Every structure is written in C-alpha cells, then in structure tokens.
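This briefing sets out the main structural features of the model shown below. It begins with the ligand site and then turns to selected helices, individual residues and the chain as a whole.

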Amino acid sequence: MPDAIVAEGLVKRYGRLVALDGLDLTVPEGTVTALLGPNGAGKTTTVRVLTTLLVPDAGQATVAGVDVLREPRILRSRIGASGQYAAVDEYLTGFENLEMVGRLYHMGTKRSKERARELLDRFRLTDAADRPVKGYSGGMRRRLDLAGALVANPPVLFLDEPTTGLDPRARLDLWDVIEELVAGGTTLLLTTQYMDEADRLADSIAVIDHGRVIAEGTADELKAMVGGDRIELTVDRVEAMATVEAALKSLADGELHLEPGLRRITIPVADGSQALVEAIGRLAVHDVRIHDVGLRRPSLDDVFLTLTGHEAVLSADGDEHEKNEELETVKGAAR
Ligand code: ATP
C-alpha cells in the first residue's frame, strides 16, 4: 500500500520554543492515523505544516504524492482540512457555505450547488440547510465544517480535534460520520487529546509529546507495551489511600497510580484475577472501606502515563465532556 502522508524530521520553532522537534510520520493510503497528545504537544502545528499553512524550519513532507514545501498550490487541491479553526461563515446558511467552497475550488455554479445538497444530505443537515450557521448547535457546525472539507472529494483529509468541545451525544454522532467516511477509502489524519477517540477511530496511533512521536502502533499494540491488567480500587475516604498503598504495594507490577480527587488507586498487576483475590484478602484485615473494586485492561490513558510520566491534560473547553468516564479520570487526577 503506498503512503498517503510521509513526514520526515519536521522541526518548527517559535523563538526559543520548539513546537516540532524532528517529527516523523507515515500514514498508508486508505488508513486512519490519530496523532494523540496533550495540549501543546505539537498536533496542530503538524497539521498546519502538512496542509501548507505553515512552513517548517527543517524536514520534508509528501502528501498524496505531492511535495508539501515545493508544490503547496497543487497540494491544496488534493486535501481537505477541518477542525479547531472551523472555516464556516456564521452569517451564511449551511447551503451557502458549502456552495461557496465549491466555487472556491472552481467547480462551477451548477456542480457546486449539487455538491452542497449532496453533502448536506449526507451529514443530516438538509433541514437546517437554509438557516444561517449562527443558529446551529456545536455538533451541527462540526458536521458542516467536515462537509466543507469534503466538497472537492479529497483523497486525504486532516481533522484537527474534530470533537473537542462537543457534548457526548454530538461526539458519538460525529464519530459515526467519520467512520462512514473512512469506509469509503479516504485517508485520514486526525488529531485528538482523547484516548477513547483514537481507540475508536484510528487504525494506527502516533503518541506525540513535546513535538516528537514517542510511540506508534495500534491501540492494542500500545496497550500491550504497558503490560497487564489493572486493579482499580476506590476507597470511601482519601485518608485510607495510604493504608491501601502500603498493603498492596508488593502486589504491583509497576508504579501504583494514586488519584486523591477520585479516592482511586490503580495497581498494574501481572496475574489479574489472582492478584485481585489477594488484594481483597489483604485489605480485609485493615480498617478500610472499599467503595468499588475491579479489574480492567490497560487503557490508552495508562499508555500515555507510562510513556510520558504525565497525564494527558485536558483543555479548558473539555469541560463539556463531563459525562465521559475516561475524561473524568483525567480531570479527577489533575485536581
Ligand atoms: P492543542 O491541543 O492545544 O491545540 P497541540 O498539540 O495542537 O495542542 P500546537 O498547537 O501544535 O499543540 O502547539 C505546540 C507548541 O507550539 C505549544 O507550546 C504552543 O504554545 C506553541 N505555538 C503554537 N503556535 C504558536 C505561535 N503561533 N506562536 C508561538 N508559539 C506557538
């Protein structure tokens, strides 16, 4: 399978700050790669370089067979991009926005109108087609923004944090739309700070931190890198955490992870069920009330923590994800 995106040694500095520090990335045609990393890791900078919006200080890149630095104009006609910097005009209707994109791509009035209707239909926006975008919900805007990126039918698509700031329902909805899209063969590079998003959408995940790819693989491969199961245990009082830590430390196969805000302790263990039985037995002799205890497979959160030594931190607008369990974990730990 040929590669749709190849980036080699990308470097981008802003004064003394190194946003990209020799980033390498390869995305085979027809696959989905997620760039996963916390705020400031360099995700947006990577996308901006690969979509010709930013010239790197060093390195090279090819997208859809076109050299990003030498032929930016040709490249722009072969890619679609959408995301954080949503390019929709608030005062135009959904239909007018898409029609305008078609005309920008010199598709002609008739074809632009047809394409706008097709996409509105595909993204379930037909009913809202003639309303100004300023009255759209967050999820509708994202769908329109995504539709805008598809007007010219690009073989390679870049989505920068497509669901940041959406409520859980709108997120699921957008995931469905993205999955349909990639089933049609589009190559997708997606950036996200959400483990569950990368897990759900991507064939391959590149974990990025401080402007470099620090690990790459499928979700399962990355999880395998951080070892076996986790005992996850919640106690009723934060004071009890030290007792639990002391009692169970010798069971751990790796670092214990304490989240005082959630009164939760996570213990990596080699032999899951055996260790769980042993842990409960040990705690029975202590004056500790266990609120909740269970065994779980390592999550991508664990991967990030193991690889970088720090949590994947949330942006302020992540607050809207309150109901999402994985994110609760991250926020609770940061408290
Ligand atoms: P986020 O999730 O916050 O968008 P990110 O992984 O996309 O994070 P980037 O936006 O690529 O991160 O930023 C990488 C680093 O470069 C950050 O430290 C950021 O502050 C810095 N940076 C980005 N753009 C500029 C700029 N125009 N001027 C100065 N510094 C910048």
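**Ligand site**

Of the 14 residues around the ligand, those that come nearest are Gly 40, Lys 43, Thr 44, Thr 45 and Glu 161. The model is a predicted one, and every distance and area below is computed from it. The site is described first, by its polar contacts and then by the make-up of its shell.

*Polar contacts and burial of the ligand*

- Asn 39 contributes a polar side-chain atom that lies 3.0 Å from an oxygen atom of the ligand.
- At Ala 41 the partner is instead a polar backbone atom, 3.0 Å from an oxygen atom of the ligand.
- Gly 42 likewise takes part through its backbone, with an N or O atom 2.8 Å from a ligand oxygen atom.
- The ligand taken alone exposes 630 Å², and the protein buries 62% of that area.

*Composition of the shell*

- Two elements give two or more residues to the shell around the ligand, namely strand E2 (17–28) and helix H1 (43–50).
- Helix H1 gives the most to this shell, with 3 residues.
- By residue class, the shell holds 5 nonpolar, 7 polar and 2 charged residues.

**Glu 161 and Asn 153: positive phi outside glycine**

- Glu 161, one of the residues that come nearest to the ligand, has a positive phi of about 45° although it is not a glycine.
- Glu 161 is located in the loop that runs between E7 and helix H6 (168–183).
- Glu 161 counts as buried because its relative accessibility is 4%, under the cut-off of 20%.
- Asn 153 is also not a glycine and has a positive phi, of about 55°.
- The loop that holds Asn 153 connects helix H5 (138–150) and strand E7 (156–160).
- Asn 153 counts as exposed because its relative accessibility is 57%, over the cut-off of 50%.

**Ser 112 in helix H4**

- Ser 112 belongs to helix H4, which spans residues 109–122.
- Is Ser 112 buried or exposed? Its relative accessible area is 1%, so Ser 112 is buried.
- A polar atom of the Ser 112 side chain lies 3.4 Å from the backbone nitrogen of Arg 103.
- Leaving out residues up to four places away in sequence, Ser 112 touches Glu 99, Gly 102, Arg 103 and Met 107.

**Helix H9 and its packing**

- Helix H9 (residues 241–248) has Met 241, Val 244, Ala 247 and Leu 248 as its buried residues.
- These buried residues lie on the same side of H9, because they cover an arc of only 130° around the axis.
- In general, an α-helix has 3.6 residues a turn, so residues three or four places apart point the same way.
- The exposed residues Ala 242 and Ala 246 are carried on the face of H9 turned away from its buried side.
- Which elements do the buried residues of H9 pack against? They pack against strand E11 (230–235), strand E12 (257–259), strand E13 (264–268) and helix H10 (272–284).

*Glu 245 within H9*

- Glu 245 is found in helix H9 and is partly exposed, with a relative accessible area of 25%.
- The contacts of Glu 245, apart from neighbours within four places in sequence, are with Leu 256, Leu 258 and Ile 265.
- Glu 245 and Glu 278 are 33 residues apart along the chain, and their C-alpha atoms are separated by 14 Å.

**Helix H11 and its end**

- The buried residues of helix H11 (residues 300–308) are Leu 300, Asp 301, Asp 302, Val 303, Phe 304 and Thr 308.
- Gly 309 follows H11 and has a positive phi, near 75°.

**The chain as a whole**

- The chain has 12 helices and 14 strands.
- Along the principal axes, its C-alpha atoms fill a box of roughly 75 × 45 × 40 Å.
- Of the 335 residues in the chain, 49% count as buried.
- The accessible surface of the chain is about 15800 Å², and carbon and sulfur atoms account for 49% of this surface.
- Among contacts between residues at least 6 apart in sequence, 68% join residues at least 24 apart.

Key: Residues numbered from 1 in each chain as written. Predicted model: local features only at pLDDT ≥ 70, side-chain atom pairs only at ≥ 80, totals over all residues. Heavy atoms only, no water. Near = heavy atom within 4 Å. Polar contact = N/O pair within 3.5 Å; in protein donor to acceptor, adjacent residues only side chain to side chain. Areas by Shrake-Rupley, 256 points an atom, 1.4 Å probe, with all protein chains shown as cover. Helix = DSSP H or I, 4+ residues; strand = E, 2+ residues; numbered from the N terminus. Nonpolar A, V, L, I, M, F, W, Y, C, P; charged D, E, K, R; others polar. Buried < 20%, exposed > 50% of the residue type's maximum accessible area, 1.4 Å probe, protein only. Contact = heavy atoms within 4.5 Å. Arc of directions from axis to C-beta.
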